[in-house]
Amino acid sequence: MLAVRGRVVVMGMGKSGHIGRKVAATLASTGTPAMFVHPAEASHGDLGMIKAIDLVLAISNGGESDEITAILPILKRFGVALVAMTGNANSTLAQHADIVLDSGVEKEACPLQLAPTASTTAQLALGDALAVALLDARGFRSEDFARSHPGGSLGRKLLTHLSDVMRSGDAVPRVGPDTAFPDLMREMSAKGLGASAIVDAGGRVLGIFTDGDLRRLIEKGADLRAVKAHEVMHAGPRTVRDDALAVEAAELMEQHRITSVLVVDAQGRLCGAVNSNDLMRAKVI
């Protein structure tokens with residue numbers, strides 16, 4: 001399955017078919033190109049979906065499903081590799097297969113021994129084991145997984161970078177260290193971040209002043225009319241690199257119980273800012 005040049009084509013009838021659809025979906029989402037083909041439809045034209053470079057994974061507990069056994073000679077004639085997942089090693093399916101995966105169980109959970117229950121659970125577990133083994137062999141990473149899940153929350157967390165959601169340019173509040181306090185407050189109010197960066201002449205971050213800092217100064221009764229930005233800033237603030245994922249900024253905020261964070265480049269120069277509202281709008285949190 002790792003070496004196949006085409007796709008893994010999963011087949012199954014009845015409850016085994018439902019398991020097969022899930023196995024195919026799990027394989028596809030973890031780096032192994034796969035699809036499900038219904039055996040009954042295969043006899044009426046869908047065999048055209050299967051090429052000689054593909055591999056068929058046929059799932060049948062008894063190994064004697066008429067819809068599957070009917071197409072086995074054609075698959076062999078095409079030269080398609082056949083892997084059987086069955087609980088009957090002596091079945092027609094097993095005898096035609098290149099490889100047999102034993103999914104047999106001693107008995108079904110059904111007290112009547114009729115409804116596929118324990119057998120389908122074994123098929124599901126074996127299918128997941130195949131997918132995980134292939135994932136590991138391919139060196140499949142979380143970033144690769146996210147690319148096949150762009151619409152879900154996982155995809156957003158693993159694919160959204162800070163550069164996609166952060167405020168940049170003039171939207172980032174910043175002042176110099178000698179800025180008067182009234183001017184610092186005007187910058188904060190104009191940009192609406194709830195904080196302002198304090199930067200040196202080269203744009204490197206020296207500190208940050210937040211709404212929370214303002215409340216604490218007022219509670220202390222400090223005279224703010226004559227102070228400068230560097231006198232009230234919080235030096236050495238938490239920052240994140242501009243090439244980081246947005247979820248890293250969210251984790252930093254949660255860990256340190258802050259609502260905004262400054263974004264810097266490799267030289268420590270301010271290039272952006274983001275707060276919890278920005279991340280919520282991007283559905284990262």
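This report walks through a sheet and its helices, a nonpolar core, and a few individual residues.

The model is predicted, so a local feature needs pLDDT of at least 70 and a side-chain atom pair needs pLDDT 80 or more, while totals for chains, interfaces and linings use all residues. Numbering starts from 1 along each chain as its sequence is written, and side-chain values rest on heavy atoms, without hydrogens or water.

**The sheet and its helices**

Let's begin with an open sheet of four strands, in the order β6-β7-β8-β9 and with mixed pairing. The edges belong to β6 (174-175) and β9 (234-235); each has a single partner strand, so one side of each lacks a neighbour in the sheet. Strands here are DSSP E runs of at least two residues, helices are H or I runs of at least four, and both are numbered from the N terminus. Two strands pair if DSSP finds at least two bridges between them.

Strands β7 (residues 195-199) and β8 (residues 205-210) are antiparallel and joined over five bridges. One of the bridge partners to look for is T210 in β8, which goes with A195. Helix α10 (residues 181-191) packs on this sheet and touches β6, β7 and β8, its direction making about 75 degrees with that of β8. Helix α11 (residues 211-220) lies across β8 and β9, at about 65 degrees to β8. For these angles, axes are lines fitted to C-alpha atoms (for helices, over the stretch in contact), and the angle between N-to-C directions runs from 0 to 180 degrees. Contact means heavy atoms within 4.5 Å.

**The core**

Next comes the largest nonpolar core, with 18 residues; M11, I50, V56, L75, L82 and L93 touch the most other members. Two or more residues each come from β1 (8-12), β3 (55-59), α4 (72-78) and β4 (81-86). Such a core is a set of buried Ala, Val, Leu, Ile, Met, Phe, Trp, Tyr and Cys residues joined through side-chain atoms within 4.5 Å. Buried means under 20% relative accessible area, exposed over 50%, and partly exposed in between (1.4 Å probe, protein chains only). Neighbours within four places in sequence aside, I50 is in contact with V9, M11, V56, L75 and V80.

**Two residues with positive phi**

Neither of these is a glycine, yet both have positive phi:

| Residue | Phi | Loop | Relative accessibility |
|---|---|---|---|
| Q113 | near 55 degrees | between β5 (99-102) and α6 (118-138) | 41%, partly exposed |
| R257 | about 55 degrees | between α13 (246-256) and β11 (260-264) | 78%, exposed |

R257 comes just after α13, a helix whose buried residues are A246, V247, A249, A250, L252 and M253.

**V165 and S91**

V165 sits in helix α9 (residues 162-165) and is buried at 17% relative accessibility. Leaving out neighbours within four places in sequence, V165 is in contact with T160, A246, V274, D278, L279 and A282. The C-alpha atoms of V165 and R281 are separated by 8.8 Å, although the two residues are 116 residues apart along the chain.

S91, in the loop between β4 and α5 (92-96), is buried at 0% relative accessibility. Its side chain reaches the backbone oxygen of N88 at 2.8 Å, and a polar atom of the S91 side chain lies 3.2 Å from the backbone nitrogen of A94. A polar contact is a pair of N or O atoms within 3.5 Å; within protein, one must be able to donate a hydrogen and the other to accept it, and residues adjacent in sequence count only if both atoms are side-chain atoms. Not counting residues up to four places away in sequence, S91 touches G62, G63, E64 and T86.
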